[in-house]
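Me: I'd like a close look at just one part of this model, the surroundings of a bound ligand. Take me through it at an easy pace, please.

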Amino acid sequence: MTMPASETPLLEIQGLSVEFRARRAAPVQAVQDLSLTARAGECVVVLGESGSGKSVTAKAVMGLLEGNARTTAGSIRLDGADLLADPAAMRAARGRDMAMVFQDSLSALNPVQRVGDQIAEMFRVHQGLSKAEARTRAIELMRQVAIPDPERRARSYPHQISGGMRQRIVIAMAIALKPRLLIADEPTTALDVTVQKGILDLFRVLTEAGAGLVFITHDIGVAAEIADHIVVMYAGSVMETGPAREVLARPHHPYTRALLASVPRIERPGARTPIPGGLPDPADRPAGCLFAPRCPLATADCTATRPELESLEPGRAAACLRITEVQHVLAQ
Ligand SMILES: Nc1ncnc2c1ncn2[C@@H]1O[C@H](COP(=O)(O)OP(=O)(O)O)[C@@H](O)[C@H]1O
Ligand code: SF4
Ligand SMILES: [Mg+2]
């Protein structure tokens, strides 16, 4: 969707780099020069193999990077305000304006507290509601995330409800304070396909109500279901970005093409082609294109020069030195 140039995006990440530093070890570059934009009412999917820096990016946005991780470059703006430059603004935004469903969020529920009380606590702590008011709001919220018989379920402990219901509780807690930006890190990965679908529908309702959603996944099927825009990440950097339908139907970058070819398709049973090799060691990243060691089109240039993310057509960009040749091959 084309937006007026003057409109400030809800979330704008520019040139973000995150490094892990441990004593006596080479620094690990988990994210490098990453840019990403998310708008209200839209879902941006960050797609990439495990280890490509998706969770680290999400935690950087929330200001929740752990111990030895540092943001070494870039800016993260929420409604234009630079959160990295202003830790107080970051703290204020967290919870109130932005919230996150963590990758391991199911284990983050307190096993010895009733789920209804865990949700109610959000309202008591952040909005100072009375116990009774907070409980009423918790039950309303459970109904909103499509938990059947919420009055009864509110009294359950996490282990007494299914994985799908637990994920709905976690999502309820994330949206309790009506954040305008929601980051969901692999929220459906642990769930079976039918349960997954219900959770994706729930996220769709949230974007339709105007929230901006950054949805992280390694699953192309899930991305195809929910994304308005796709950002393809590889080894800590963006390889390709654009409107979801276009990226999935006409991938430009050799990595995106390889990723799509690695997924089994109903219309092409048995045609799955796994990507050979693995991600580069983040402590020893290739000097040139990060995908060069695995790219079937790599030349000597590719191992010497790091391609920049370049705009190809409105709304689409890819980081590949041989993009013209790739498009030529695709056109055949
Ligand atoms: N605690 C950590 N210490 C050192 N390196 C880390 C740590 N967490 C993540 N990394 C590095 O950051 C990279 C990206 O991790 P992550 O964002 O979790 O990937 P993804 O979510 O895409 O699977 C990892 O490959 C790893 O090299
Ligand atoms: S720059 Fe070269 S190695 Fe990298 S994706 Fe493009 S063709 Fe492949
Ligand atoms: Mg992750």
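Which residues are around ligand 1? And once those are named, please carry on to whatever connects with them.

Reply: Happy to, and bear in mind that this is a predicted model. The residues around ligand 1 are Phe20, Val28, Ala30, Pro282 and a run made up of Glu49, Ser50, Gly51, Ser52, Gly53, Lys54, Ser55 and Val56. Sorted by character, that shell comes out as 5 nonpolar, 5 polar and 2 charged residues.

In terms of secondary structure, two elements, β2 (28–38) and α1 (54–62), each put at least two residues into the shell. Helix α1 gives the most, with 3 residues.

Now for the polar contacts with oxygen atoms of ligand 1. Lysine 54 has a side-chain N or O atom 2.9 Å from one. For serine 55, a polar side-chain atom lies 2.9 Å from an oxygen atom of the ligand. Serine 52 takes part through its backbone instead, with an N or O atom there lying 3.1 Å from a ligand oxygen. As for how covered the ligand is, ligand 1 on its own exposes 560 Å², and the protein buries 67% of that.

Serine 55 deserves a second look, since its OG is also a donor to the magnesium ion, ligand 3. The other protein donor is OE1 of Gln103, and the two lie 2.1 to 2.3 Å from the ion. Serine 55 belongs to helix α1, while glutamine 103 sits in the loop between β6 (98–101) and α3 (105–108), so this pair ties together parts that are 48 residues apart in sequence. The two donors also fall into separate accessibility classes: serine 55 has 18% relative accessibility, so it counts as buried, whereas glutamine 103, at 47%, counts as partly exposed.

One more thread leads out from the shell, by way of Glu49. This shell residue is in contact with arginine 294. Arginine 294 is located in the loop between α11 (254–261) and α12 (300–304). Its relative accessible area is 8%, and because the cut-off for buried is under 20%, arginine 294 is buried. Leaving aside neighbours within four places in sequence, its contacts also include Tyr234 and the stretch Ile275, Pro276, Gly277, Gly278 and Leu279. Within that stretch, glycine 277 has its backbone oxygen 3.0 Å from a polar side-chain atom of arginine 294.

So there are two links to follow from the ligand 1 shell: Ser55 to the magnesium ion, and Glu49 to arginine 294.

Conventions. Residues are numbered from 1 along each chain as its sequence is written. Chains are lettered from A and ligands numbered from 1 in the order in which they are written. This is a predicted model: local features need pLDDT of at least 70, side-chain atom pairs count only at pLDDT 80 or more; totals for chains, interfaces and linings use all residues. Side-chain values use heavy atoms; hydrogens and water are left out. A residue is near a molecule or strand if one of its heavy atoms lies within 4 Å of it. A polar contact is a pair of N or O atoms within 3.5 Å; within protein, one must be able to donate a hydrogen and the other to accept it, and residues adjacent in sequence count only if both atoms are side-chain atoms. Accessible areas come from the Shrake-Rupley method with a 1.4 Å probe; for residues, only the protein chains shown count as cover. Helices (H or I, at least four residues) and strands (E, at least two) are DSSP runs, numbered from the N terminus. Ala, Val, Leu, Ile, Met, Phe, Trp, Tyr, Cys and Pro count as nonpolar, Asp, Glu, Lys and Arg as charged, and the others, Gly among them, as polar. Donors are N, O and S atoms within 2.8 Å of the metal (3.2 Å for Na, K and Ca); water is not among the atoms, so sites may look incomplete. Buried means under 20% relative accessible area, exposed over 50%, partly exposed in between (1.4 Å probe, protein chains only). Contact means heavy atoms within 4.5 Å.
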